[in-house]
Amino acid sequence: MAEQGMIHITIGERSGDFASGTTAGQAIRALLPEERAERVLCAMRGGACVELSDPLKEDSALEPLTYQDEEGRRVYERSLRFLFLLSLKRLYPDRRARMLNSVGYGLYLRLLDGEIGHEMARAIEEDMRELVRQDLPFQKEEWTREEAIAYFENEGWLDKARLLRYRPQQSIRMYRIGPLCEYFYGAMLPSTGMIRAFAVKPHYPGVVLMAPSPANPDEPAPYVSRAKFLREFATSQRWCRILGAENAADVNRMIREGRLREFIRINEALHDKSIAGIADEILRRGARVVMIFGPSSSGKTTFANRLAVHLRVLGQRPHLVSLDDFYRDRRDIPLEPDGKPDLEHVDALDVPLLTACLEELLSGRTVQMPRFDFKTGTRCQRSYELTVGPDEPLLLEGIHGMNDRIISEVPEQLTYGIYVSALSCINLDDHNRIRTTDVRLLRRIVRDMRFRNTSPVETIDMWPKVRAGEERWIFPNMEKADVMFNTSLHYELPVLKTIAYELLLSIPRSAPEHLVAHRLLKVLHYFLPVDGDVMDEIPPLSILREFIGECSFYDMH
C-alpha cells in the first residue's frame with residue numbers, strides 16, 4: 001500500500017511507489033532498463049491505452065507497448081500523420097491533403113487540389129526531420145465539441161466540422177503544435193522527437209508516407225510497388241466522389257435525407273457490373289482454373305457464387321471448389337510456436353493432392369474430390385466425383401489461391417487470378433481513414449456471432465493470428481492476380497453498427513479485448529444506425545449478406 005499522495009505502479013515483476021501525477025513515461029523510465037524503456041511508445045492499463053505523457057492518479061499495472069504491438073504502431077502512425085500535416089501547413093498553408101489507403105507499411109495520400117511533385121515532397125520531408133530534431137511536445141488541450149467545430153469551420157476543414165456533430169461526447173482532446181491543432185481519434189506520442197524513422201516517397205499524383213516495419217523499427221520500411229492494388233483503390237475512390245460519399249458525414253447525410261436505399265441500390269449495381277466484366281474477361285481468356293483468394297472476411301465465397309452466376313449467363317458451367325476441403329487432418333497440420341495448429345499455413349492444405357486433382361481434371365479425367373469436416377477436424381470418408389469439360393471452368397476459392405506452390409503446377413495460360421478484399425474507401429474525415437482491417441474485423445464479429453456462436457471477445461482474441469497469416473501468406477501474392485475486386489460497400493458501416501454496437505459496448509473496460517472494441521466503437525460512433533426498412537433493401541445476393549445473414553447462396557442462413 002502506497003503512502004498518502006503516492007501511487008503504486010507495477011510493470012511485470014517490477015514495481016515502485018511514485019508521487020500521484022507521475023506520467024506513464026516517467027514510471028516506465030524509472031522501472032525499466034534504459035534500452036527497453038526507449039522502445040516504449042504507449043502502455044496498456046486494463047483494456048485502455050495510456051499515453052506516455054498521461055499523469056497517473058491511482059495505483060496502476062502497466063503493460064508497455066512498442067512498435068512490435070499493433071496499438072504501438074497505430075500511435076506511431078497517428079503522430080507521423082500529424083507531423084506531415086504540420087509541415088504541409090508550415091510550407092504550403094493553402095494546400096489540403098487527404099489520407100487515402102495503406103501501401104505495405106506506408107500510407108498513400110494526395111492533395112485535394114493538385115499534385116505533390118518531387119520538389120514539394122522533398123521540402124516536406126526535410127521540414128518534418130527538422131521538427132523531429134526540435135523534439136516538440138504534442139500539447140494536449142481539452143475543448144468542447146462546439147469549440148472544435150468552430151475551429152475546423154474557420155480552418156475550412158468542413159469535413160471535420162460536419163463529422164463532429166455526430167460525436168456523442170461533449171468534450172474532445174485536441175493536439176497542438178505551433179499553428180496546427182488536430183484530432184486523430186486515438187492516443188499519440190508525447191513529442192515529435194520519438195518519430196525517428198519515416199520517409200516521404202513520391203508516388204504521382206501523391207506521396208507514400210513510409211513508416212517502419214515491425215521487424216526493423218529503426219528504419220523506414222522499403223517501398224514495395226503495388227500498382228494493381230492502388231489502381232483498384234483509385235477506382236473505388238473515384239466512385240466515392242461520383243456518389244458524393246467520401247466521408248462518414250456524407251453517408252449520414254444520405255441516412256437523414258432518406259436516400260440510403262437508393263445509395264444501396266447503386267452500390268450493388270456497381271458490384272454487379274464489375275463482376276460481369278470479370279466474367280467476360282475469363283471467357284475471353286479461355287481460363288480453365290480461376291483462383292479466388294484474399295484475406296479473411298472479404299466475402300470470397302459470395303463473390304465466387306456471384307461470379308458463377310455471371311459465367312452461367314455466358315454459357316459456361318462453372319464448378320465451385322473450396323480449398324478448405326483440401327485441409328489435412330488436424331493432427332497433421334503444422335504447429336504454431338504456442339503448439340496450436342497453424343490453420344493459415346499453406347502446408348495446412350494437402351497441396352500435392354490439390355495439384356494432382358487439378359492436373360487430372362484438366363486432362364479430362366474423373367476425380368474423387370475430398371470434403372473436410374471442420375467439426376471433427378478430419379477429412380470426410382465420403383468424397384464426390386467431378387469431371388470438367390472445356391466450358392466448365394473451376395472456381396477455386398481460398399486464401400492460398402495464388403501461392404507459388406499451387407499455381408506453379410497449373411499451366412499459366414489456363415489460370416486467372418482474382419484478389420478479393422474489402423478495401424474501405426470511406427474516411428472518417430480527410431485526415432482519418434477507416435482501416436480496411438477494422439472493417440473486416442467488424443464483418444467477422446457480426447458473422448461469428450450470428451452464425452458460429454462465437455462471442456466478439458473470442459473473435460477479437462483470434463484476430464491477431466489471422467492477421468499474421470495474411471501478412472505471411474496472402475499479401476505477398478496479391479500483385480500476382482490478374483484483377484482485383486473490392487468487396488467493400490460504401491453503406492455497410494451503418495448496417496454493421498446496427499448489429500454490432502451494443503455487443504462491443506458490453507465488453508468491460510477491464511478486459512484485454514476492450515482496447516480493440518473501443519477502437520471499433522470510435523469509428524462506429526460517427527455513423528447513424530439504419531432501420532429495418534433500409535436493411536430490407538440489401539439484396540439477398542449482396543456480399544454483405546454473407547455476414548449479416550439471409551444470403552440466397554447459403555442454406556445455413
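**Exercise 1. Ser 421**

Task: Determine whether Ser 421 is buried or exposed in this predicted model, and describe its surroundings.

Solution.
Step 1. The relative accessible area of Ser 421 is 2%. A residue counts as buried under 20%, so Ser 421 is buried.
Step 2. Ser 421 belongs to strand E23, which covers residues 415-421.
Step 3. Apart from residues up to four places away in sequence, Ser 421 touches Pro 295, Ser 298, Thr 436, Arg 440, Phe 485, Asn 486, Thr 487 and Ser 488.
Step 4. Gly 299 stands 122 residues from Ser 421 in sequence, yet their C-alpha atoms are 7.4 Å apart in space.

**Exercise 2. Two residues with positive phi**

Task: State where Ser 297 and Asp 135 lie, and decide for each whether it is buried or partly exposed.

Solution.
Step 1. As background, most residues other than glycine have a negative phi.
Step 2. Ser 297 is not a glycine, but its phi is positive, at about 60 degrees. Ser 297 is placed in the loop that runs between strand E16 (289-293) and helix H10 (300-313).
Step 3. With a relative accessible area of 3%, Ser 297 is under the 20% cut-off and is therefore buried.
Step 4. Asp 135, also not a glycine, has a positive phi of about 50 degrees. Its loop is the one between helix H4 (118-134) and strand E9 (139-144).
Step 5. The relative accessibility of Asp 135 is 41%. Partly exposed residues fall between the buried limit of 20% and the exposed limit of 50%, so Asp 135 is partly exposed.

**Exercise 3. A cis peptide bond**

Task: Identify which residues the cis peptide bond joins, and give its omega.

Solution.
Step 1. In general, most peptide bonds are trans.
Step 2. The bond between Tyr 204 and Pro 205 is cis, with an omega of about 5 degrees.
Step 3. Pro 205 is in the loop between strand E12 (199-203) and strand E13 (206-210).

**Exercise 4. Arg 173 and Glu 268**

Task: Describe the setting of Arg 173 and of Glu 268, including the contacts of each.

Solution.
Step 1. Arg 173 is part of strand E10, residues 171-177. Its relative accessibility is 28%, so Arg 173 counts as partly exposed.
Step 2. Beyond residues up to four places away in sequence, Arg 173 touches Glu 51, Asp 54, Lys 140, Glu 141, Glu 142 and Tyr 183.
Step 3. Arg 173 and Ala 187 are separated by 14 residues in sequence and by 9.9 Å in space, C-alpha to C-alpha.
Step 4. Glu 268 is located in helix H9, residues 260-285. Its relative accessible area of 8% is under 20%, so Glu 268 is buried.
Step 5. Neighbours within four places in sequence aside, Glu 268 is in contact with Arg 306, Leu 489, Tyr 491, Ile 538, Pro 539 and Ser 542.

**Exercise 5. Helix H16**

Task: How many residues of helix H16 are buried, and which are they?

Solution.
Step 1. Helix H16 comprises residues 514-524 and is mostly covered, with 10 of its 11 residues buried.
Step 2. The buried residues are His 514, Leu 515, Val 516, Ala 517, Arg 519, Leu 520, Leu 521, Lys 522, Val 523 and Leu 524.

**Exercise 6. Cysteines**

Task: How many disulfides are counted, and what can be said of Cys 380 and Cys 181?

Solution.
Step 1. A disulfide requires a pair of cysteine sulfur atoms within 2.5 Å. The count comes to 0 disulfides.
Step 2. Cys 380 is in no disulfide, and the nearest cysteine sulfur, belonging to Cys 357, is 15 Å away.
Step 3. Cys 380 is partly exposed, at a relative accessible area of 31%. Cys 181 is buried, at 1%.

**Exercise 7. The whole protein**

Task: Assess how compact the protein is, and describe its burial, contacts, surface and charges.

Solution.
Step 1. The protein contains 18 helices and 26 strands.
Step 2. Its radius of gyration is 25 Å, close to the 24 Å given by the globule rule for 557 residues, so the protein is as compact as a globular protein of that length.
Step 3. The C-alpha trace spans about 80 × 50 × 50 Å along the principal axes.
Step 4. Of the 557 residues, 56% are buried.
Step 5. Among contacts between residues at least 6 apart in sequence, 72% join residues at least 24 apart.
Step 6. The protein exposes about 24200 Å², of which carbon and sulfur atoms supply 49%.
Step 7. There are 74 positive and 83 negative charges, and their mean positions are 2 Å apart.

Key: Residues are numbered from 1 along each chain as its sequence is written. This is a predicted model: local features need pLDDT of at least 70, side-chain atom pairs count only at pLDDT 80 or more; totals for chains, interfaces and linings use all residues. Side-chain values use heavy atoms; hydrogens and water are left out. Helices (H or I, at least four residues) and strands (E, at least two) are DSSP runs, numbered from the N terminus. The radius of gyration is taken over C-alpha atoms; the globule rule is 2.2 Å times the number of residues to the power 0.38. Buried means under 20% relative accessible area, exposed over 50%, partly exposed in between (1.4 Å probe, protein chains only). Contact means heavy atoms within 4.5 Å. Accessible areas come from the Shrake-Rupley method with a 1.4 Å probe; for residues, only the protein chains shown count as cover. Lys and Arg count as positive and Asp and Glu as negative; His and the chain ends are not counted. The place of a charge is taken as NZ of Lys, CZ of Arg, CG of Asp or CD of Glu.
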